[in-house]
Amino acid sequence: MLLQSVFYLTASLYLCSATPLTSPPQTLVPRDAVTDCQNVTLGLNASCWDLIPRGTGMESWLNTWNSTTTTCEPGERWANCFMRQAGVTTNTTTSIRCDLIGPNTCPEPSIDVFESASAEASYGVASIWALQQYMTTLYQFLEGDQGLSLINTGFLNQTAPRSAKTILVNILDEIGDPVATQLTTIIGSPVPIKQGSFIIPTQAQAQQIVGQTVGNLLQWLMTDWLEGGFTALAIEGNLISILGD
């Protein structure tokens, strides 16, 4: 559909620039799949999400990391801590803010990260970066003319009190990829964002508040691991998959 095509075209400006992430895995000689997944220099594969570490998968591994890591700084969000510990940047003067919307707030992991980090850390880094870039692309689409048109239509199709959640869900339904579909489920649940931030008093405020809702949602996903929002989006390697779209 047209909206999906436009969204993916916009996303390609960010996601397709990451050579080590988006390069398709080489054709592997059939052998142990887990062993192949451990060699991330061959490329990242969504199917590896449930294969590494052997017998557990990435969701279990990240659960353990979040419950046992003691080296995060006070107040540091889990995703930013993870990226920092993986060494995605050597710039000590600029903080890692993968919880914020923006093309440059979450450093793109380089090939050096994948060569030095474990396969598990590499897949964690890639999924965090992919989600931050996806949400940034969504935000910038909504800030554009086509996004404004869709937001205004969604506003006029509601009666007061008008909700940014409803507008955002309808737009994500139109995009229709697995990440967008899962986001609609998360938005429809009691996401712990201030409820008042969802209400749109006037049409003139609609675009701003829908955009703020996207930003607040990203911040929550990168902050509260226990709520399960990130793992729901990453299931079956969906975040890894969008890196190659």
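**View 1. Contacts, cover and surface of the whole predicted model.** Among the contacts in the protein with a separation of 6 or more, 66% are between residues 24 or more positions apart, a contact being heavy atoms within 4.5 Å. This is a predicted model, in which local features need pLDDT of at least 70 and side-chain atom pairs count only at pLDDT 80 or more, whereas totals for chains, interfaces and linings use all residues. Residues are numbered from 1 along each chain as its sequence is written, and side-chain values use heavy atoms, with hydrogens and water left out. The protein has 13 helices and 2 strands, taken as DSSP runs (H or I of at least four residues for helices, E of at least two for strands) and numbered from the N terminus. Of its 245 residues, 47% count as buried, where buried means under 20% relative accessible area, exposed over 50%, and partly exposed in between (1.4 Å probe, protein chains only). About 11400 Å² of the protein is exposed, and carbon and sulfur atoms supply 53% of that area, as computed by the Shrake-Rupley method with a 1.4 Å probe.

**View 2. Helix α7, residues 119-143.** The 25 residues of α7 should span 36 Å at 1.5 Å a residue, and the end C-alpha atoms are 36 Å apart, which agrees; the expected span is 1.5 Å times one less than the number of residues. Helix α7 is mostly covered, with 22 of its 25 residues buried.

**View 3. Helix α9, residues 164-175, and its two ends.** For the 12 residues of α9, a rise of 1.5 Å a residue gives an expected span of 16 Å, and the end C-alpha atoms lie 17 Å apart, which agrees. Ala 164, Lys 165, Ile 167, Leu 168, Ile 171, Leu 172 and Ile 175 are buried in this helix. Seen down the axis of α9, these buried residues fall within an arc of 160°, so they line one face of the helix; the arc is that of the directions from the helix axis to the C-beta atoms. At the start of α9, a side-chain oxygen of Ser 163 comes to within 3.1 Å of the backbone nitrogen of Lys 165. After the helix comes Gly 176, with a positive phi near 75°.

**View 4. The disulfide of Cys 37 and Cys 48.** The structure holds 3 disulfides, each a pair of cysteine sulfur atoms within 2.5 Å. In this one the S to S distance is 2.0 Å, and the torsion about the S-S bond of Cys 37 and Cys 48 is about -80°, so the disulfide is left-handed. The pair links distant parts of the chain, 11 residues apart, with Cys 37 in helix α3 (residues 33-38) and Cys 48 in the loop between α3 and α4 (58-68). Both Cys 37 and Cys 48 are buried.

**View 5. The disulfides of Cys 72 with Cys 81 and of Cys 98 with Cys 106.** Cys 72 and Cys 81 are joined at an S to S distance of 2.0 Å, and with -95° about the S-S bond their link is left-handed. Cys 72 is partly exposed, with a relative accessible area of 28%, whereas Cys 81 is buried at 0%. Between Cys 98 and Cys 106 the S to S distance is 2.1 Å, and the torsion about their S-S bond is about 80°, so this disulfide is right-handed. Cys 98 is buried, with a relative accessible area of 0%, and Cys 106 also counts as buried, at 2%. With the bonded cysteines of the protein numbered in sequence order, the pairing is 1-2, 3-4, 5-6.

Terms used: Polar contact = N/O pair within 3.5 Å; in protein donor to acceptor, adjacent residues only side chain to side chain.
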